[in-house]
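Got your viewer open? Take a seat and keep the selection box handy.

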Amino acid sequence: MKTKLKFFDFTLLITPLLLAAFGVVMIYSASMVIAVIDEKEPTHYLFKQMQWFTLGFMLFIFCSFFNYRFYQKLMKLIIMGLVIMLVLVLFIGVELNGARSWLYIGPFSLQPAEFVKLGLIMYLASIYSKKQTYINDFTKAVLPPLIMTGGLLGLVVMQPDIGTAAIIFLIACSVIFSSGIKFRHLFSLVAVGIGIIGLAATKMLNAERLSRFTGAYQPFSAPESDGYQLIQSYIAIGTGGLMGNGLGQGVQKLGYLTEAYTDFIMAVVAEELGFIGVMVVIGLLATIVLRGIYISRLCQDSFGSLLALGISSMVGIQTFINLGAITGLLPITGVPLPFISYGGSSLLVLMISMGILNNIAYHTKKQGQVVSANNPSSNVEYKDLNQGRTWQR
Amino acid sequence: MKRVSNVTMRKRLVTVFFLGIFIFATISVRLGYVQFVIGDELLERAKASWSRDITFEPERGKILDKNGEVLAENVSAPTVMVVPRQIKEPQKVAESLAEILDMPVDEAYKKITQQEINVRLKEGRKISEEKAELIQTLGMDGVYIAEDSKRHYPNGDYLSHVLGFSGIDNQGLMGLELYYDEKLKGEKGSLSYFSDAKGKRMPDMADVYDPPVDGNNLKLTIDSRVQTIIERELDLAESKYNPDGALAIAVDPDTGGVLAMSSRPNFDPEDYQSVDPDVYNRNLPIWKTYEPGSTFKIITLAAALEESIVDLHEDEFTDNGAIEVGGATLHCWKSGGHGHQTFLEVVQNSCNPGFVSLGQELGKEKLFSYIDNFGFGNKTGIDLQGEANGILFNLDQVGPVELATTSFGQGVSVTPIQQVMAVSAAVNGGYLYEPYVADEWVNPITNEVLEKAEPKVKDRVISEDTSAEIREALESVVAKGTGRGAYVEGYRVGGKTGTAQKVGEDGKYMSNNHIVSFIGFAPADDPEIVVYLAIDNPKNTIQFGGVVAAPIVGNIIGDSLRALGVEPREDGLEKDYKWPDQPLVEVPDLIGLSKNDLQKYLINLSIESNGTGDYIVDQMPKAGVKIEQGEEVRIYLGDKNNKDKREEENGAENE
């Protein structure tokens, strides 16, 4: 056991747990007043998130030990499960905030779209690693997975959950980009993707969705409506200053900041813990993302490499879109902040992903250990590069 | 195990790694920007968004006369307030309110269904007691009558142009209410408490109470006793002469403080919407500019005396009824002229050629520099809105004709207040004051005087000696000359008549349409009051300042000085009882009588004789014509049989 443990990446083990635990605390701070206003117990959201965290922690541990290569064998099953969930949600899903995104299974409510993120990463990683040898052949290697991606995306868009769809699209782009396909193919893919999105946008875009854009870029032109959330977010961030007003001392969560414990939780963090608190959170998230990419770079196995990359991208992209929205860089699309925002499905998917990432790191390290044991003079990274080169057929 | 195959893929991963760093850096910079660069501004917005203010309206300062008499105050006024959440039948309530408050139903409906805690209707503000009662009897849920305060002017249209009025928010809109709005209105107070978005108070934030600061009370130089007299006299004049307009000002010549000021047409400040804006926008005593006519001769006289170019008693002048100036003939107001007179008589008779000669002696530079020094052509600086400048000839364009007409008050355009201040300077020893209305600012609670206006001398224009001579000359105008209507027993009134021609729309002087005026002061030994009165186009009368305006000013001065408690004088000039104030008399037929027979006919008429001889050969006016007592009858003497009539040409209109 002790020898096994030493192959784990402790940074990646500790950081997600720190973030999730911190998220639970912030959710309590941000949600207690709103819970009371909604005539619930002040601890309502705290306890629910703690339950999810407990479940997530168990899955995290499990996945950390569960050999990631096995997912490739489960691929068909996973895809089928996702499609069934996505179709189900369109029919028996519960509508919330204008989107039919929720499946109630007993006492649990799940967002299938969250699981699609991870499922699709696995799928793309699996298929592109299989096709590594003829990755430059567009019709044989590049195109088929895109059809699957398009199908899943379409189902998410139909809910409609544009925010999640956008993230899924970006994650897919990231994985495909990293898979090493030709730039020529990549560009034409991006062009086609943007074309499809543009077409969908003109169909889907109505005044309400458009107003989110004006809300993001001229919030003070409509302070009571479209600009309201962003202004309240600005105020929360602006009043925080360097050190913040102290944990629990925020004012903006008292009904001014809608979604204080979900999408706008970072505004509460900024108000209560200041720039320093925010930078710690961003630092931890960046650690996971960059460490994940680093692992992906080290990983000898192309499936593991792309999987790690996809997971890292998922965290990074969600972080960027969420923080971009609360700081007015991007339109507000309802994307939760990884680990911190309230939300069971999101946390479960992230904890599972972190487990997988840890497992990849474990195997990578173990592999590297073996390699460096064979050739002690070289360090792991150079070895990888050399091996990569010599491995070419 | 599929191995990482491709160098491209490794390179791409490095790219993604740096892209990740870039993205996190971007987000951090943006957060820092929001937090630190625009943070303070956001904090201000946050405070505004968190705080709920309950405003406390300050009491607007009262306006009082110099004796503390209330001229403008505040009374409570009912205001409709609606609490939308409590309304059960919005449609019915909207219809009722719309009916009573005279507003469209759909607008009322929109208002009372707003998502607000309480709503005020614009039409429901400061409504009448009757409407308020009507609303209350309907007993609608969620509709309340709240008390608001509104401006009240207890004396109605009294002093209205000076006081002005304030609007629905108690904001000054006109007159003193506007001019001193900042000081009268006070400062709003507020109770700010911090609350969450649902309006609940935030526990850890302290309430902030800013008490309202009431506006200060304004004490005027206006003396309501004098103002009352002036209002009364203008009302009488209005009903008697049905003029196009009228105005009067009374000023304390020793301070420049305005004692009274009034205009006709008039308005009620509480109902200002019901009159033409021109009525309330035009405070005639400071707004109206016109040719002053003979009252302006006082300035020419002052200049001539100060420059020692005339001795009123020693120097003499012969008026032939007209004077030739620069190729033009300027007539005296009196046909045939005043004949041979001392310059004192020139003043008494308001003889135009006599003043033209004074103007010529002075020369245009001197005369115009005096006009300028006396304050004409510039605003006096009175603390009221809407003062006019007046218009003078440009010195470069003044030729002999302009110099001549200016010296008897034609061709210049001045405001009444300029004349009053100039004449005040002429009779008070030469001090040109800046007129003012606001005398003191008083703390409404402690009655402590916070600010007191000091009389402001703008210029010393003539010497005390010259001033004394002017007073003497003008007293004789009232006692013996054209201004005798203004004579008040015991108060030594001095003054000067004016009959100004008006320029019609065609640019020519209008006939039978004059502004008749009189400027008077008393007592002549130490003037306490200067009164100017002008009546625009009086009907059914001879349009002469001496006939219409002088008696009114006499009444005003007499009553005012008694009201002010000024001691009567004993050493004044006796009124020349050749001109008692009596009803019109018929001119008798004098033709053919001898000079000696005249005595018994002419008890109440004055005689001016022309020519030589023992018998009266002709007369003006003709026998049977009714004239004012004291008016002159001109007789022509000659031999008994000489009955040639002498044709009279019409003289200049100017008195």
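What follows is a walk through the model, stop by stop.

**Before you click**

This is a predicted model, in which local features need pLDDT of at least 70, side-chain atom pairs count only at pLDDT 80 or more, and totals for chains, interfaces and linings use all residues. Residues are numbered from 1 along each chain as its sequence is written, chains are lettered from A and ligands numbered from 1 in the order in which they are written, and side-chain values use heavy atoms, with hydrogens and water left out.

**Stop 1: chain A as a whole**

Select chain A and switch on the cartoon: you get 14 helices and three strands. Both are DSSP runs numbered from the N terminus, with helices being H or I of at least four residues and strands E of at least two. Of the 393 residues in chain A, 56% are buried (under 20% relative accessible area; exposed is over 50%, partly exposed in between, with a 1.4 Å probe and protein chains only). Show the surface, and about 16,300 Å² of chain A is exposed, with 68% of that supplied by carbon and sulfur atoms (Shrake-Rupley areas with a 1.4 Å probe; for residues, only the protein chains shown count as cover).

Now colour by pLDDT, the predictor's confidence in each residue from 0 to 100. Chain A averages 82, and 86% of its residues score at least 70. Among the elements of chain A, helix 3 (residues 44–65) has the highest mean, 93, and helix 14 (residues 380–391) the lowest, 40. Over residues 376–393 of chain A the pLDDT is below 50, although this stretch has 29 contacts beyond near neighbours in sequence (contact means heavy atoms within 4.5 Å). Where pLDDT is low, don't read the predicted coordinates in detail.

**Stop 2: the little sheet in chain A**

Pick strands 1, 2 and 3 of chain A: they form an open sheet in the order 1-2-3, with antiparallel pairing (strands pair if DSSP finds at least two bridges between them). Strand 1 (94–96) and strand 3 (108–110) of chain A are the edges. Strand 1 and strand 2 (residues 99–105) of chain A are joined by three bridges; zoom in on A:V94 and its bridge partner, A:W102. Add helix 4 (residues 70–92) of chain A, which packs on the sheet, touches strands 1 and 2 and makes about 105° with the direction of strand 2 (axes are lines fitted to C-alpha atoms, for helices over the stretch in contact, with angles from 0 to 180 degrees between N-to-C directions).

**Stop 3: the cores**

Which residues have the most contacts inside the largest nonpolar core? Select A:Y128, A:M266, A:L307, A:F339 and A:I356, in a core of 122 residues (buried Ala, Val, Leu, Ile, Met, Phe, Trp, Tyr and Cys joined through side-chain atoms within 4.5 Å). Helix 11 (residues 265–298) of chain A gives the most to this core, 16 residues. Centre on A:F339 and look at its contacts, including A:P16, A:L19, A:L285 and A:M351.

**Stop 4: over to chain B**

Find B:R30 in helix 1 (residues 7–37) of chain B. B:R30 has a relative accessible area of 17%, so it counts as buried, and it touches A:Y234, A:T327, A:G328 and A:L329.

Last, show the open sheet of five strands in chain B, in the order 12-11-23-22-21 with antiparallel pairing. Nine bridges link strands 21 and 22 of chain B, and B:G498 stands opposite B:S517.

How values were computed
Lists of a residue's contacts leave out its neighbours within four places in sequence.
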